[in-house]
Amino acid sequence: MVEKALLMDEKAMARAITRISHEIIEKNKGVEDVVLVGVRTRGVPIAKRIAKKIGQIEGAEVKTGFIDITLYRDDLVKIDTEPIVNGSYLDFDINGKTVVLVDDVLYTGRTVRAALDALVDIGRPNAIQLAVLVDRGHRELPIRADYVGKNVPTSTQEIISVKLIEADGEDSVTINE
């Protein structure tokens, strides 16, 4: 895999998290009934960063959890006959809440569809919104993000690579071939 370009560095990612946090607060007129749910793996630290930023802005804690969508994937048999399930963690009730689903990259929409199925199995939120760090297009399902850090037009041969300090030791978004 050859890196073509750096799309976001540490500062650009921090600005995107700040902007998304402000947009969540604005759209929901505060964060009283808002919870954040990260999609494993990289959606989890992004959700935690958004929660921290909202806490700094609003002075209010936003509950944060995560879901593992492995068993909800429509391509599960193609990926592995014995998938590894890391589990979900929500220590709060999502019934009647506005759930902001958080992921790193929005591509075909299939991961989001799986996450929606997982959320509905857990409870009945009042609303579900989607926040992504990068939207690269090429949707196969009618899904769009409510909050986007950066829109990046790509070809289907290109790969968006998101690296986070929590998992990779650095913050960056690159486009690769």
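In which strand does Asp 135 lie? In this predicted model, Asp 135 belongs to strand E5, which covers residues 127-135. Its relative accessible area is 10%, and because buried here means under 20%, Asp 135 counts as buried.

The side chain of Asp 135 takes part in two polar pairings that can be followed along the chain. One of its polar atoms lies 3.0 Å from the backbone nitrogen of Gly 137, and a polar contact of 2.8 Å joins the side chain of Asp 135 to that of Arg 139. When residues up to four places away in sequence are set aside, Asp 135 touches Leu 106, Val 148, Lys 150, Asn 151 and Val 152.

Leu 106 leads to strand E4, which covers residues 98-106. The UniProt annotation "short sequence motif: PRPP-binding", taken from an unreviewed entry, covers residues 99-111. That span is 62% strand and 15% helix, and its end C-alpha atoms lie 16 Å apart.

Strands E4 and E5 are also among the elements against which the buried residues of helix H2 pack, together with helix H1 (10-27), strand E2 (34-39), strand E3 (64-67) and helix H5 (165-168). The buried residues of H2 include Val 44, Ile 46, Ala 47, Ile 50, Ala 51 and Ile 54, and Arg 49 is also one of them. Helix H2 itself runs over residues 43-58, and because its 16 residues should span 22 Å at 1.5 Å a residue, the 22 Å between its end C-alpha atoms agrees with that expectation. Just after H2, Gly 59 takes a positive phi of about 70°.

Conventions. Residues are numbered from 1 along each chain as its sequence is written. This is a predicted model: local features need pLDDT of at least 70, side-chain atom pairs count only at pLDDT 80 or more; totals for chains, interfaces and linings use all residues. Side-chain values use heavy atoms; hydrogens and water are left out. UniProt positions are given in the numbering used here, feature names are shortened, and annotations may be inferred rather than shown by experiment. Helices (H or I, at least four residues) and strands (E, at least two) are DSSP runs, numbered from the N terminus. Buried means under 20% relative accessible area, exposed over 50%, partly exposed in between (1.4 Å probe, protein chains only). A polar contact is a pair of N or O atoms within 3.5 Å; within protein, one must be able to donate a hydrogen and the other to accept it, and residues adjacent in sequence count only if both atoms are side-chain atoms. Contact means heavy atoms within 4.5 Å. The expected span of a helix is 1.5 Å times one less than its number of residues.
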